[in-house]
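Trainee: Got a minute to walk me through this one?
Mentor: Sure, pull it up and we'll go through some helix packing.

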Amino acid sequence: MTSQALATFTLHDGGGLPLVLLHGFPLDHRMWAACAAHLPPGTRAIGVDLPGAGHSDLDGYQPSIEHAADWVYRTMVAAGEGNAVVVGHSMGGYVALALAERHPGFVAGLGLVNTKSTADTDEARAKRLRIAAAAESSQTVDAVLGMPADLVGATTTERRRHLFPVLDSWIRAQSPAGVAWAQRAMASRPDRTAVLERFAAPVAVVVGTEDTITPLAEAEHMVQAAGAPSAHSGGDAALTLVPGVGHMSALEDPQAVAAALGLLHMQVVAHH
Ligand code: MLT
């Protein structure tokens, strides 16, 4: 099947090896804009709208994180990008891990922000399929409109109220078909912890201390896998804990996340 390129956006100008930023659900590349603005000067950052999100179409593909990863890869190669530091937030992290598995030569470093390498529980999977069905039958995104309360941490709920209308407007802009596709794609993804065990380039794991969706234990699990000594392992992974933020660390404390990603980029470039 042929497909158009996914929509991409330059979020920070620069040259050399880019950071490719993959967004979470049910959002699009805009969730990265504030964080990208704080990247070190000269660090190029490209935001991608994943299939069915923002300005990207679905092109009739069956829902799958693997299709999403292949599509990001094709889009980047068509744009002349041979490799990149791939950074994924939550769902974007699931895609980043699939990219590292399927196109390892493309992924020069991995940034895993508020995400996990484990698969869904049966309960989580069933909930996703219910949301997908609701989005399709109602032809609305009503089923995910309540998400911002869970996405941000308790501190943001108290002190950064201005982020609620922002998240709300981004979620309302998504298509019901895209929401259903992403939920089904995430529901069928496997555990990719072993991808991290094999990955031989720098890894940065970032998590908010108030993240209840992909909590610290999931971050520690990834760090342990990426740092676990094995025949193929590249060694340690860096863990950044961002205090006072929840699942949307890149939005709740963009500077802290940009600092971690800037460091990862520097490390990759030094070893490239
Ligand atoms: C996200 O932020 O991408 C989602 O909360 C991830 C998920 O539903 O697993």
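**Helices in contact**

Mentor: Start with α2 and α3: Ile65, Glu66, Ala68, Ala69, Asp70, Val72 and Tyr73 in α2 meet Met91, Tyr94, Val95, Ala98, Leu99 and Arg102 in α3. Contact here means heavy atoms within 4.5 Å, and helices are DSSP runs (H or I, at least four residues) numbered from the N terminus.

Trainee: How do the residues of that contact divide into nonpolar, polar and charged?

Mentor: There are 10 nonpolar, no polar and 3 charged in the contact of α2 with α3. Ala, Val, Leu, Ile, Met, Phe, Trp, Tyr, Cys and Pro count as nonpolar, Asp, Glu, Lys and Arg as charged, and the others, Gly among them, as polar.

Trainee: Before we go on, what kind of model is this?

Mentor: It's a predicted model, where local features need pLDDT of at least 70, side-chain atom pairs count only at pLDDT 80 or more, and totals for chains, interfaces and linings use all residues. Residues are numbered from 1 along each chain as its sequence is written, and side-chain values use heavy atoms, with hydrogens and water left out.

Trainee: OK, at what angle do α2 and α3 pack?

Mentor: About 70°, with the axes of α2 (residues 65–78) and α3 (residues 91–102) 8 Å apart. The axes are lines fitted to C-alpha atoms over the stretch in contact, and angles run from 0 to 180 degrees between N-to-C directions. So α2 and α3 are roughly perpendicular to each other (65 to 115 degrees).

Trainee: And how do α4 and α8 cross?

Mentor: At roughly 160°, and the axes of α4 (residues 122–138) and α8 (residues 176–187) come within 8 Å. That makes α4 roughly antiparallel to α8, the label for angles over 145 degrees.

Trainee: What's the residue mix there, in the contact of α4 with α8?

Mentor: It divides into 10 nonpolar, 1 polar and 4 charged. Arg125 and Leu129 are among the α4 residues in this contact, and Val179 and Gln183 are among those in α8.

Trainee: Is α8 mostly covered or mostly open?

Mentor: Mostly covered: 10 of its 12 residues are buried, meaning under 20% relative accessible area with a 1.4 Å probe, protein chains only. Trp181 and Met186 are among the buried ones.

Trainee: What covers them?

Mentor: The cover for the buried residues of α8 includes α2, α3 and α4.

Trainee: Switching topic: is Arg130 buried or exposed?

Mentor: Arg130 lies in helix α4 and is exposed, with a relative accessible area of 55%; the cut-off for exposed is over 50%.

Key:
Helix = DSSP H or I, 4+ residues; strand = E, 2+ residues; numbered from the N terminus. Parallel < 35°, antiparallel > 145°, perpendicular 65-115°, else oblique.
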